[in-house]
Amino acid sequence: MEPITTALAGAALLKSAVSGLKSAIGTANDMKDIAGFIDQAFLADKQHQQQRNANANVGALDGFKDAASSVIENRLHAEMMSEIRQLVQMRFGVDAWNEIIQKKTAAEREAKQRAAAARKEAARKSQELEDTLKAVALTIFVIVIALALFVFLMVSVAKAFVI
């Protein structure tokens, strides 16, 4: 996606999450809805962080307009995330947001560990396959050499009897 499209999609997703959370948190009838809106907010936050990091890699912004819009966008984003935090804290207690952040962090860490373990396992299997193929190639080479020597021996013996 283009950087601007990504930023707009992230901002729209965050606005949607905030408005949905506001409407759902008052009733708290369906916890899945509330969790879904919080997930949307975290997804929008992740997209925003990626966009901000991509913009930081560009080097210099093109003029004052881009600098101002970047600062304002970051502030609005932080404001909306703060609003989500406050909504959750007001409805479920002060520690609720911290627990959510801790569980999210733990889940992300676990996902990274699973991905690293999967990469290690794939590398191990690849190395194992490579070692097996080397062993098979060596075995075939030894058999071919043994057959060649056997044929050479038979030809030599046959020549000895012919002479």
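The paragraphs below go through this predicted model from its overall fold to single residues.

Residues are numbered from 1 along each chain as its sequence is written, and side-chain values use heavy atoms, with hydrogens and water left out. Because the model is predicted, local features need pLDDT of at least 70 and side-chain atom pairs count only at pLDDT 80 or more, while totals for chains, interfaces and linings use all residues.

The protein has 4 helices and 0 strands, and along the sequence the pattern is α-α-α-α. Helices (H or I, at least four residues) and strands (E, at least two) are DSSP runs, numbered from the N terminus. Of the 163 residues, 18% count as buried; buried means under 20% relative accessible area, exposed over 50%, and partly exposed in between (1.4 Å probe, protein chains only). The protein exposes about 12200 Å², and carbon and sulfur atoms supply 64% of that area. Accessible areas come from the Shrake-Rupley method with a 1.4 Å probe, and for residues only the protein chains shown count as cover. Among contacts (heavy atoms within 4.5 Å) between residues at least 6 apart in sequence, 72% join residues at least 24 apart.

One place to look at such contacts is H48, in helix α2. H48 counts as buried because its relative accessibility is 8%. Leaving aside neighbours within four places in sequence, H48 is in contact with E73, N74 and H77. Of these, N74 is found in helix α3 (residues 63–92) and is partly exposed, with a relative accessible area of 23%. N74 and H48 are 26 residues apart along the chain, and their C-alpha atoms are separated by 8.4 Å. With the same neighbours left aside, N74 is in contact with H48 and R52.

The second largest pocket holds about 210 Å³ of space. Its lining consists of F42, L43, D45, K46, K104, A107, E108 and K112, and the elements that give two or more residues to it are α2 (31–58) and α4. On a 1 Å grid over the protein atoms alone, a pocket is an open set of points where a 1.4 Å probe fits, with protein on both sides within 12 Å along at least five of seven lines; lining residues have an atom within 4 Å of a point. Grid points are joined across faces, edges and corners, and a volume is the space filled by probe spheres set on the points.

Helix α4 also carries charged pairs. Side chains of opposite charge can pair when their charged atoms come close. A search of the whole structure finds 5 salt bridges, each a side-chain nitrogen of Lys or Arg within 4 Å of a carboxyl oxygen of Asp or Glu. E110 and R114 form one of them, with the closest N and O atoms 2.8 Å apart; both lie in α4, 4 residues apart, about one turn of the helix. E121, R124 and E128 are linked in a network. In this network the closest N and O atoms are 2.4 Å apart for E121 and R124, and 2.9 Å apart for E128 and R124. E121 and R124 are separated by about one helical turn because they are 3 residues apart in α4.

V142 lies in the same helix, α4 (residues 94–162). V142 counts as partly exposed because its relative accessibility is 49%. Together with L138, F141, I145 and L149, V142 makes a nonpolar surface patch of about 510 Å². Patches are made of residues with over 30% relative accessible area and no salt bridge, where like charges are joined within 9 Å and nonpolar side chains (Val, Leu, Ile, Met, Phe, Trp, Tyr) within 5 Å.
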